[in-house]
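Q: I have a new structure to read and do not know where to begin. Could you take me through it one feature at a time?

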Amino acid sequence: MPRSRPTPEHLSPGYFAFVMGTGILAIAAGQRGWQSTSLVLLVVAVIGHAVLTVLNVWRAISYREAFSHDLHNSRKAFLVFTFVAGTDVIAAALVEHGQIMVATILLAVGAVSWLLLGYTVPWAAVLGRTERPVTDAANGTWFIWVVAAQSVAVVAATLEPHHEEAARHGLSVLAVFAWSVGVVLYVAVAMLVVQRILHAPLDPWDFDPPYWVSMGAIAISIVAGARIVEMQSGPMVDAVRGLIAGGAVVLWAFATWLIPVLIAVGVWRHFFRRVPLRYTPTLWSIVFPLGMYSVACMYLGRADSLPLVEWIGKVWIWVALAAWTVTSIAMVRSWFRAPDPDPSLLT
């Protein structure tokens, strides 16, 4: 018997990862020249974003206690940054379809949200808590903080050629600023997560899908870097162009190296330690990095004249599409199954 519809009270703050995964595949399809597929995926992402925005506003108003609990939960609070990244991914996709004004508005929403959440979430979820050490709660969701910063950089750099001179200067500054903050945040988060892994017992339940964002954060940093390298000459861009161009190649190598590691962890988790493989909203945290890696390879390959890297991106899109299809089917099936009694699977 179909279960009753859940209320927004239990909505995961990370469900915007669905928008991220679908939107990045729309961009990847556009890069392959599959315009019809790109448009369909973009429409799905936009609809998903609108529905999730309404549900989250409803949740914040009608279920304030649950909403506030998530913001103060260091294991879940950083999932809120999926709203920023999802908004910016749609903006970047809209630029590819010529919707410059709408994309600019979405960039403003994403940038303001990133700045506000970037200060309030870490304070509420980590720095403002009495529990110590804070590294005990560090996990893969914290990398979404990095993705949010780099998503702002991507859209700012993507919009730069489409605006007048005055606006271009502001967009170039925003792009370099957000990219730089994102790189520094990645190093900081990675150090905290590694410290936790080295000092805490290896519990297979802890190595959940958001750990894939550690690779996705690098991939989106590559895309942002490639876009900045392609921007017109300016004081801010010229100061970092060489650094970013070389750094993007180094980041691509590290992201590529991470993929077998993450696959091995998944095999260990599900096949050796017998953690059940069930649908949870965080599975979209795997789809997005896979799609992001494809886009990163195609952008970097073209920006730095690396045909092998571009070819890898063109092939990898099939992996990302397969993951999106399987996860979408699992999501729809989950709507008609009895709720899982384990609350840890609802994050």
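## Reading the model

A: Begin with one residue in a loop: S305 sits in the loop between α10 and α11 (307-334). Keep in mind that the model is predicted.

Q: Is S305 buried or exposed?

A: The general step is to compare the relative accessible area with a cut-off, and exposed means over 50%. S305 has 59% relative accessibility, so S305 counts as exposed.

Q: What is the phi of S305?

A: Most residues other than glycine have a negative phi. In this case S305 has a positive phi of about 55°, although S305 is not a glycine.

Q: Which residue in the loop between α9 (235-272) and α10 (284-303) can be read in the same way?

A: R274 is placed in that loop. R274 is not a glycine, yet its phi is positive, at about 60°. With a relative accessible area of 65%, R274 is exposed.

Q: How many helices and strands does the whole protein have?

A: Counting the elements comes before looking at how they pack. The protein contains 11 helices and zero strands. Read from the N terminus, the elements run α-α-α-α-α-α-α-α-α-α-α. The radius of gyration is 19 Å, close to the 20 Å that the globule rule gives for 347 residues, so the protein is as compact as a globular protein of that length.

Q: What does the C-alpha trace span along its principal axes?

A: The C-alpha trace spans about 55 × 45 × 40 Å along those axes.

Q: What share of the residues is buried, and what area does the protein expose?

A: Buried residues are 52% of the 347 residues. The exposed area is about 15900 Å², and carbon and sulfur atoms supply 71% of this area.

Q: How many positive and negative side chains are there?

A: There are 21 positive and 19 negative side chains. The centres of the two sets lie 9 Å apart.

Q: What part of the contacts joins residues 24 or more positions apart?

A: Here the idea is to compare position along the chain with contact in space. Among contacts with a separation of 6 or more, 82% are between residues 24 or more positions apart.

Q: Which residues touch the most other members of the largest nonpolar core?

A: In soluble globular proteins, nonpolar side chains tend to be buried together. In this model the largest nonpolar core has 114 residues, and F81, M215 and W284 touch the most other members. Helix α6 (residues 143-159) gives the most to this core, with 14 residues.

Q: Which residues is F81 in contact with, leaving aside neighbours within four places in sequence?

A: With those neighbours left aside, the contacts of F81 are W114, L117, G118, V121, I144, W145 and A148.

Q: Where is P122 found, and is P122 buried or exposed?

A: P122 is found in helix α5. Its relative accessibility is 8%, so P122 counts as buried. Apart from neighbours within four places in sequence, P122 is in contact with F78, L117, L127 and W145. P122 and S74 are 48 residues apart in sequence, and their C-alpha atoms are 8.2 Å apart in space.

Q: How does A108 read?

A: A108 is found in helix α5 (residues 100-127). At 42% relative accessibility, A108 counts as partly exposed. A108 and T87 are 21 residues apart in sequence and 9.9 Å apart in space, C-alpha to C-alpha.

Q: Which residues does Q31 touch, not counting residues up to four places away in sequence?

A: First place the residue: Q31 lies in helix α1 (residues 17-31). Q31 has a relative accessible area of 15% and is buried. Beyond four places in sequence, Q31 touches E96, M298, Y299 and R302. Between Q31 and C297 there are 11 Å in space, C-alpha to C-alpha, and the two are 266 residues apart in sequence.

Q: Is P209, in the loop between α7 (165-199) and α8 (213-230), buried or exposed?

A: A loop position does not by itself settle the reading, and the area has to be checked. P209 has 11% relative accessibility and counts as buried. Not counting residues up to four places away in sequence, P209 touches R269, T282, L283, S285 and I286. The C-alpha atoms of P209 and M20 are separated by 15 Å, and these residues are 189 apart along the chain.

Definitions and conventions: Residues are numbered from 1 along each chain as its sequence is written. This is a predicted model: local features need pLDDT of at least 70, side-chain atom pairs count only at pLDDT 80 or more; totals for chains, interfaces and linings use all residues. Side-chain values use heavy atoms; hydrogens and water are left out. Helices (H or I, at least four residues) and strands (E, at least two) are DSSP runs, numbered from the N terminus. The radius of gyration is taken over C-alpha atoms; the globule rule is 2.2 Å times the number of residues to the power 0.38. Buried means under 20% relative accessible area, exposed over 50%, partly exposed in between (1.4 Å probe, protein chains only). Contact means heavy atoms within 4.5 Å. Accessible areas come from the Shrake-Rupley method with a 1.4 Å probe; for residues, only the protein chains shown count as cover. Lys and Arg count as positive and Asp and Glu as negative; His and the chain ends are not counted. The place of a charge is taken as NZ of Lys, CZ of Arg, CG of Asp or CD of Glu. A nonpolar core is a set of buried Ala, Val, Leu, Ile, Met, Phe, Trp, Tyr and Cys residues joined through side-chain atoms within 4.5 Å.
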